[in-house]
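Student: I'd like to learn how to read surface patches and pockets off a model. Can you walk me through one?
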Amino acid sequence: MTTSDHPLPQAPTRRPGRPAGGDAAVRQSLLEHGRDLLLQHGFGNVSTRQIAAAAGTTPAMIHYYFGDKRGLYRAMIESAVQPLIDSVRRLEPTAGAGTDAGDGVPGLEAVMRAYMRMVAANPWFPALIIREVLDQNGRMRGEFIERFAAKTAPALVAVLRREREQGKLRVDLDPRFAAVSLLSLCVFPFVSLPITGPVLGFRPEGVELDRFISHTVQLFREGVAARLETGHD
């Protein structure tokens, strides 16, 4: 018997069935309990039976909504990342405008704000990515690259390249390097919370989250902004 066949202590003892609230409630319950169990035990150590039991339903519901456990994982990531993917794609050069018309914020800054708010609203996201994607034995790395990273990273590079060509960014800026720096600035603060929270009292929520996002956007923008040419004596 494998580890994934053993019942996990988090699973409730109530009788399986459809949670109250209809199909939407069943699907959401599977996403939430699946996320919690995968975070605690890892993708390879959790079975669809255990996830279904924790959600108070049956494995058939996982197959109905998601196909399999991998599909459930994919849906968890999509629920958080898809709005961000849509935002980035709207900023691609072929999409036309580089400015978010809703709030007047330059497009690149709008993406940074959206990215950081997405991670802040889904505190499970960094841990799950580290465990199942970045780890050398991560089971979901290939799928994450294909379905998510490959849809956002090239678009970010294209936006940075366009802004450099428009004279907004330093002429010596490598858009690929800048994209890596941008992603690091947006994500690492949330990855490091177990340390920066107790040591620095860092709490990215409410007003402090707003201030920190503005700080990060300004830091990045001033680091990559085009330099004003000065005359020589």
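Tutor: Sure, and keep in mind that this is a predicted model. Start with the helices: α6 (124-134) and α8 (175-191) each give at least two residues to a nonpolar patch.

Student: Which residues make the nonpolar surface patch?

Tutor: Ile130, Leu134, Phe188 and Val191 do, and together they form about 370 Å² of nonpolar surface.

Student: Take Val191, then. Where does it lie, and why is it called partly exposed?

Tutor: Val191 sits in helix α8. Its relative accessible area is 30%, and partly exposed covers the range between under 20% for buried and over 50% for exposed, so Val191 counts as partly exposed.

Student: And pockets? What's the general idea there?

Tutor: You roll a probe the size of a water molecule over the atoms, and that shows where empty space is left. In this model, the largest pocket holds about 510 Å³ of space. Its lining draws two or more residues from each of α4 (69-90), α6, α7 (141-165) and α8.

Student: Which element gives the largest share of that lining?

Tutor: That's α7, with seven residues. The lining has 21 residues, and those nearest the pocket centre are Tyr115, Ile129, Phe144, Leu183 and Val187.

Student: How do the lining residues divide by chemical type?

Tutor: There are 18 nonpolar, two polar and one charged.

Student: One more on α4: is Asp86 there buried or partly exposed?

Tutor: Asp86, which is found in helix α4, is partly exposed, at 33% relative accessible area. Its C-alpha is 9.3 Å from that of Lys151, though the two are 65 residues apart along the chain.

Note on methods. Residues numbered from 1 in each chain as written. Predicted model: local features only at pLDDT ≥ 70, side-chain atom pairs only at ≥ 80, totals over all residues. Heavy atoms only, no water. Patch = residues over 30% accessible without salt bridge, like charges linked within 9 Å, V, L, I, M, F, W, Y side chains within 5 Å. Areas by Shrake-Rupley, 256 points an atom, 1.4 Å probe, with all protein chains shown as cover. Salt bridge = Lys/Arg side-chain N within 4 Å of Asp/Glu carboxyl O. Helix = DSSP H or I, 4+ residues; strand = E, 2+ residues; numbered from the N terminus. Buried < 20%, exposed > 50% of the residue type's maximum accessible area, 1.4 Å probe, protein only. 1 Å grid on protein atoms, 1.4 Å probe; cavity = no way out; pocket = protein on both sides within 12 Å on 5 of 7 lines; lining within 4 Å. Points joined across faces, edges and corners; volume = space filled by probe spheres on them. Nonpolar A, V, L, I, M, F, W, Y, C, P; charged D, E, K, R; others polar.
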